Amino acid sequence: MKVIVCVKQTFDTEAKIELKDGKISDAGINLIINPYDEVAVEGAIQLKEKGVATEIVVITAGSDKGMDAIRTALAMGADRGILVKQDTGADEYARAVALAAAIKAENPELVLAGHVAADDGSSQVPTRIAEILGFPHVNVITNIDIAGGKATCTTEADGGTAVIEVAIPAVVSSQVSWNEPRYPSMKGIMQAKKKPVATVDAVAVDNKIKIVEVSLPAAKTAGIKIEDDADVCATKLADWMKNTVKVEVK
Amino acid sequence: MAGTWVFVEQKDGNIRKVTFEMLSELKKGGDEVSAVVFGKGVEGLAPELAKFGADKVYVADDAIFASYNTGAFVAQMAAMIKEFSPNALLFAHSFNGRDMASRLAQKLDAGLATDAVAADISAGKGIFTRSIYAGKALAKVEVTGSPVLATIRPGVWEVGSTAGAGAVVKAAVAATAGDVYQVEKSFAATVSARPDLAEAAVVVSGGRGCKGPDGIKLVEQLADLLGAAVGGSRASIDSGWLGHELQVGQTGKVVLPNLYVACGISGAIQHLAGMSSSKFIAAINTDTEAPIFNVSDFGVVSDLFKVIPILVSELKK
Ligand SMILES: Cc1cc2nc3c(=O)[nH]c(=O)nc-3n(C[C@H](O)[C@H](O)[C@H](O)COP(=O)(O)OP(=O)(O)OC[C@H]3O[C@@H](n4cnc5c(N)ncnc54)[C@H](O)[C@@H]3O)c2cc1C
């Protein structure tokens, strides 16, 4: 079974966000593979170790910087990569169209992706890819079993845990609690350098979203801080809860 | 043009609060506001939706909609959009809402603003404020084309009391069995007598500073006194003291309560991403340098094992 994993290079989650010329500045920012995608890569590798997956292809759309995300995934154990060269200003629609076209050419049986990216927080691209390809999609999965042409996925649904079954080929998006991604070994990093990465141009489509303005939220100012004996702290906190917050006590 | 639609999030006839939030907020504007509900035997929900502002209630009633499934719901919605041409359609930014909205958007070749925290919809135009980089920045985006689609973060708007007429419009069932692609094999509801984390007015969270189940018990005791939901940091979830569905933060839930109480939580940037927009924040932490104090309205530098029991008895007074 051929598995495709969609990955994206994102800011480190610790990164401090600053604006330059009305845009988010990437100066001095450490870039990482989107943590949700990293879990998808690990999930694919585990499927290969179980003998379910035979080949793992990682794909990203965007600038050359995405190559690092591909190399990370290859170092973890993916087999080859595809970089879909696309303007960095592409929206979720344009990204999905570009990725879906490249994925279609690969004819995979399973497409994995993180359910959301840590930067834009959109959670749209995997679902859109599924719609374009006419595949089922299961969102926010924490486990997967493949057998008899079906994918059985455990998902974090609203209000509980659901087990959802779909026919493959399918798109499946991962939640971080699925697994603990491995660190690439030295050997893996060396091997990754020799693994093939193809570069293709994105299908040209217009965005459907226009960015009007990017801003930083008003900084929250620290309030009252009490350093005293526990009983004084507790009494003052109780007063604040009752009088300022006006909590209801059951 | 048929005004703005709100897709109704409901399970077994219980409507989620976020639906009322969206209806109430839209009702403040001048456009017609409609609720769209899919299900089996759901027409009876119309008066409740009218109460919070729905002028019209579009109902698609059929066994195929008995429980949520993306394929059939998207097919139905696409057909109704074609028939009634709404200007804009809002979903909750929830598990089902974002799944359905994204798939629908692609089917319609349309743009979609997800996880919006503010909206300006008028005359067929929609501009939304989205929280990006886990709340560290805000992007104002315009969804071009029609209809304008967005998912709205639960809790950003208040439930109002302006009613609409609630006229029921029965929609023809357009989804067929062939549209259904997912089979729900089982569903294990999170059994909790406490309110839902994403919708609670008060959230009390415990972190690594709780040191184990005994500390978490104190957190729960305080939560129950305040009718609050219980949450946790990744440290307390990874330690197995709380269920994974209770994680607050970048990779957990984003909460917007009136009051958030952080007990033994340092305030890592990924945790702040999930709670820093709360109206009031209180923190109990032994470390005066803990970053949680940079965002808290009321902080006490003290041992939670000593503070919480006294706090509980003071609140009971
Ligand atoms: C990609 C990524 C995603 C992440 N996503 C999340 C997320 O969604 N949510 C999340 O929470 N974390 C997340 N994290 C983890 C985050 O970085 C922190 O490690 C985590 O939030 C720490 O949890 P904590 O505050 O409970 O523990 P700690 O940082 O260890 O803090 C414990 C605190 O308890 C205090 N304390 C100790 N004893 C007492 C006592 N007796 N009374 C009072 N206070 C006491 C200490 O002073 C300390 O401040 C993520 C990390 C990464 C890299």
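**Exercise 1.** Determine how many salt bridges the rule finds across the interface of domain 1 of chain B and domain 2 of chain B, and describe the area buried between the two domains.

*Solution.* The rule finds zero salt bridges across this interface, a salt bridge being a side-chain nitrogen of Lys or Arg within 4 Å of a carboxyl oxygen of Asp or Glu. This is a predicted model, in which local features need pLDDT of at least 70 and side-chain atom pairs count only at pLDDT 80 or more, while totals for chains, interfaces and linings use all residues. Side-chain values use heavy atoms, with hydrogens and water left out, residues are numbered from 1 along each chain as its sequence is written, and chains are lettered from A and ligands numbered from 1 in the order in which they are written.

Next, the buried area (accessible area, 1.4 Å probe, that two parts lose on being put together, summed over both) is about 420 Å², and carbon and sulfur atoms give 68% of it. Of the area that domain 1 of chain B buries, B:Ala134, B:Lys136 and B:Arg153 supply 79%, more than any other three residues.

**Exercise 2.** Identify the partners of strand 7 of chain B and the sense of each pairing.

*Solution.* Strands are DSSP runs (E, at least two residues), numbered from the N terminus, and two of them pair if DSSP finds at least two bridges between them. Strand 7 (residues 113-122) pairs with strand 10 (residues 148-152) of chain B in the parallel sense over two bridges, with B:Ala113 opposite B:Ala150. Strand 8 (residues 125-132) of chain B runs antiparallel to strand 7 and is joined to strand 7 by six bridges, where B:Asp120 has B:Ile127 as its bridge partner.

How values were computed:
Helix = DSSP H or I, 4+ residues; strand = E, 2+ residues; numbered from the N terminus.
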